[in-house]
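Thank you all for making time this morning. I would like to walk you through one model, and I will ask you to keep the sequence and the structure in view while I talk.

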Amino acid sequence: MTFVFSYNSPVGKWLGFVAAVWVQAISGNNYTFSNYSDALKSLMALTQLQLNNLSVAKDVGKAFGILAGLASDRLSTPVILLIGGIEGFIGYGVQWLVVSGTIKPLPYWVMCIFLCMGGNSTTWMNTAVLVTCIRNFRKNRGPVTGILKGYVGLSTAIFTDICSALFSSDPATFLLILAVVPFTVCLTAIVFLREIPPSSTSAEEKEEVKNFGVINIIAVIIAVYLLVFDISGTHGKVFSQIFAAILLVLIALPLFIPIHLMVKNFIRENSENLDVEGNNNIAEPLLGVDETVREEVEKKEVVVVEENTVPAVVEKRPPVIGEDHTIFEAIRTLDFWILFVSFLCGVGTGLTVMNNLGQMGLALGYVDVSIFVSLTSIWGFFGRIISGSVSEYFIKKAAVPRPIWNAASQILMAVGYICLAMAMPGSLYIGSIVVGICYGVRLAISVPAASELFGLKYYGLIYNVLILNLPLGSFLFSGLLAGLLYDAQATTTADGGNTCVGAHCYRLVFIVMAIACIVGFGLDIWLSIRTKSLYGKIYTSRKAKKTSTILS
């Protein structure tokens with residue numbers, strides 16, 4: 001007997017999800033700008049405003065994610081992944097050529113284009129992974145989103161720590177890794193990730209929850225492992241190599257689930273063959289039989305409907321919240337814009353901190369800011385993975401609207417910005433952790449909330465329109481607010497750039513961003529009130545289904 005898997009089998013389904021996890025574990029390269037921004041600034045003799053606009057160009061790449069959203073309904077998942085992998089290889093590959101000195105610095109506007117390509121590459125990867133997995137596991141959207149977005153959060157720390165451990169945080173090598181590794185992982189995911197029918201029985205749903213729990217535990221182990229490495233100080237070469245090898249093994253651990261399923265199926269089929277001899281020729285895949293029967297039933301149902309249908313003029317009503325919306329129907333609703341603007345207040349300000357961590361650290365006297373980049377990444381993971389599972393739990397148990405968790409994160413983020421503005425000793429450590437957690441919560445909550453409010457049919461496009469506020473927030477808060485206010489405080493250097501040292505450099509920036517988070521808090525509370533009835537229906541529907549399953 002040989003191990004064979006079908007894409008529609010549980011083994012194929014979980015191999016696809018593991019491949020999706022790996023894609024997300026390398027697709028957080030957009031959040032690593034601080035690791036090489038100082039090299040770009042000195043190499044190209046840029047002011048802080050010019051450097052911030054480079055980071056905005058990177059985030060503007062997400063605006064073209066609309067193309068990925070449109071393609072998600074027309075192209076297969078493997079094709080979308082291939083586009084993302086190739087685009088990232090080119091975008092980050094050219095940046096590596098410049099920073100490594102292989103070619104001379106390119107004109108500023110040309111560098112903007114390649115940073116934009118690097119930023120846009122992740123939208124293709126994220127769209128392929130999120131849309132496919134949410135459709136494959138639609139009964140567990142919260143845990144799915146939490147895990148996938150959690151690994152995106154970890155990816156920054158994974159890249160940063162591996163580069164720090166093996167290559168002494170060399171920015172050129174770091175960019176080379178950003179170019180090659182995501183491209184290679186996307187090629188691997190192309191083989192396994194497909195859209196397949198979701199679970200249809202209560203037993204399958206329980207199995208999914210158990211497997212998600214295993215992956216959550218593995219992800220938490222990875223996060224703690226990275227955190228311990230970051231806070232344990234300087235390490236020798238051999239220790240760092242061992243750390244990197246163990247990290248790669250931990251990242252590969254989710255493969256245990258499909259392998260376990262494959263072995264279990266192998267043992268079951270062998271035992272069945274021992275019990276029933278000579279029936280090999282009649283064995284048919286159960287899924288194929290079910291599909292055939294279902295198709296015959298559907299054909300009969302269609303005939304009956306056609307025979308009993310009386311021609312009538314039916315006026316199409318606009319969809320209500322909770323039903324499938326096209327993008328044009330979604331943007332005509334007040335709920336979409338409340339979600340959009342509150343999302344802007346959270347992720348726009350969070351991106352500003354991530355893009356400017358290098359200069360924030362230097363302003364407060366830190367020479368190496370990689371620890372802050374890693375802290376933001378790791379605690380962002382905890383924010384994503386915990387909020388995804390917790391929000392799903394409270395929907396099932398008490399019909400708590402998912403946006404209420406966004407409101408909680410906005411208040412905590414405002415407190416973090418006030419702490420950063422006060423510039424107390426250790427405030428950058430506290431601020432990095434708080435911003436990481438809250439940014440992670442926003443992403444993990446808003447993604448499934450959008451699918452619950454506006455449906456899954458056109459979700460790929462709606463998701464990419466929603467995240468347009470990433471480049472918009474980057475431009476408003478990072479490009480304009482942080483760039484202009486920093487330059488106003490900075491002094492000119494001999495090479496034509498500028499620098500600022502002291503707590504005053506970013507104080508006003510943090511105060512404005514704290515106010516923005518308070519506005520976002522009010523919007524999230526409003527959305528929670530407006531969607532209370534929707535989550536009540538979701539709760540009632542799931543409870544009724546669970547009761548009927550128990551009775552049957």
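**A walk from the surface to the core**

Let me begin with Phe89, which is partly exposed, with a relative accessible area of 40%. Before going further I should say that this is a predicted model, and every value I quote is computed from it. Phe89 sits in helix α5, and it belongs to a nonpolar patch on the surface together with Leu82, Ile86, Ile90, Leu176, Val180, Val181 and Leu187, a group with about 570 Å² of accessible area together. The elements that give two or more residues to this patch are α5, residues 77-99, and α8, residues 171-192.

As a general background, nonpolar side chains in soluble globular proteins tend to be buried together. So let us turn inward, where the largest nonpolar core has 145 residues, and where Phe17 and Tyr417 are the ones with the most contacts inside it. Which residues does Tyr417 touch, if we leave aside those up to four places away in sequence? They are Thr349, Gly350, Val353 and Val435, and then Phe510, Met513, Ala514 and Cys517.

Phe510, Met513, Ala514 and Cys517 are also among the buried residues of helix α20, a list that goes on to include Gly520, Leu523, Asp524 and Leu527. Helix α20 itself runs from residue 507 to 530, and its 24 residues reach 35 Å from the first C-alpha to the last, close to the 34 Å expected at 1.5 Å a residue.

Asp524 deserves a moment of its own, since its partner is Arg442, in a salt bridge whose closest N and O atoms are 2.8 Å apart. Arg442 lies in helix α17 and Asp524 in helix α20, so this pair ties together parts that are 82 residues apart in sequence. Are the two partners buried or exposed? Arg442 is buried, with a relative accessible area of 0%, and Asp524, at 0% relative accessibility, counts as buried too.

The structure holds 7 salt bridges, and I will pick out a few others. Arg135 and Glu195 meet through their side chains at 3.3 Å, N to O, and this pair links distant parts of the chain, with Arg135 in helix α6, Glu195 in the loop between α8 and α9, and their positions 60 residues apart. Arg135 counts as buried at 9% relative accessibility, whereas Glu195 counts as partly exposed at 44%.

Lys210 and Glu207 form a salt bridge at 3.7 Å, N to O, and because they are 3 residues apart in helix α9, they are separated by about one helical turn. Glu207 is partly exposed, with a relative accessible area of 24%. There is also a network of salt bridges, which links Glu392, Arg402 and Glu452.

I would like to finish with two alanines and their backbone angles. Ala399 has a phi near 55°, a positive value in a residue other than glycine, and it lies in the loop between α15, residues 370-398, and α16, residues 403-422. Ala423 likewise has a positive phi, near 55°, and its place is in the loop between α16 and α17. As for their surroundings, Ala399 counts as buried at 15% relative accessibility, while Ala423, at 25%, counts as partly exposed.

How values were computed. Residues are numbered from 1 along each chain as its sequence is written. This is a predicted model: local features need pLDDT of at least 70, side-chain atom pairs count only at pLDDT 80 or more; totals for chains, interfaces and linings use all residues. Side-chain values use heavy atoms; hydrogens and water are left out. Helices (H or I, at least four residues) and strands (E, at least two) are DSSP runs, numbered from the N terminus. The expected span of a helix is 1.5 Å times one less than its number of residues. Buried means under 20% relative accessible area, exposed over 50%, partly exposed in between (1.4 Å probe, protein chains only). Patches are made of residues with over 30% relative accessible area and no salt bridge: like charges are joined within 9 Å, nonpolar side chains (Val, Leu, Ile, Met, Phe, Trp, Tyr) within 5 Å. Accessible areas come from the Shrake-Rupley method with a 1.4 Å probe; for residues, only the protein chains shown count as cover. A salt bridge is a side-chain nitrogen of Lys or Arg within 4 Å of a carboxyl oxygen of Asp or Glu. A nonpolar core is a set of buried Ala, Val, Leu, Ile, Met, Phe, Trp, Tyr and Cys residues joined through side-chain atoms within 4.5 Å. Contact means heavy atoms within 4.5 Å.
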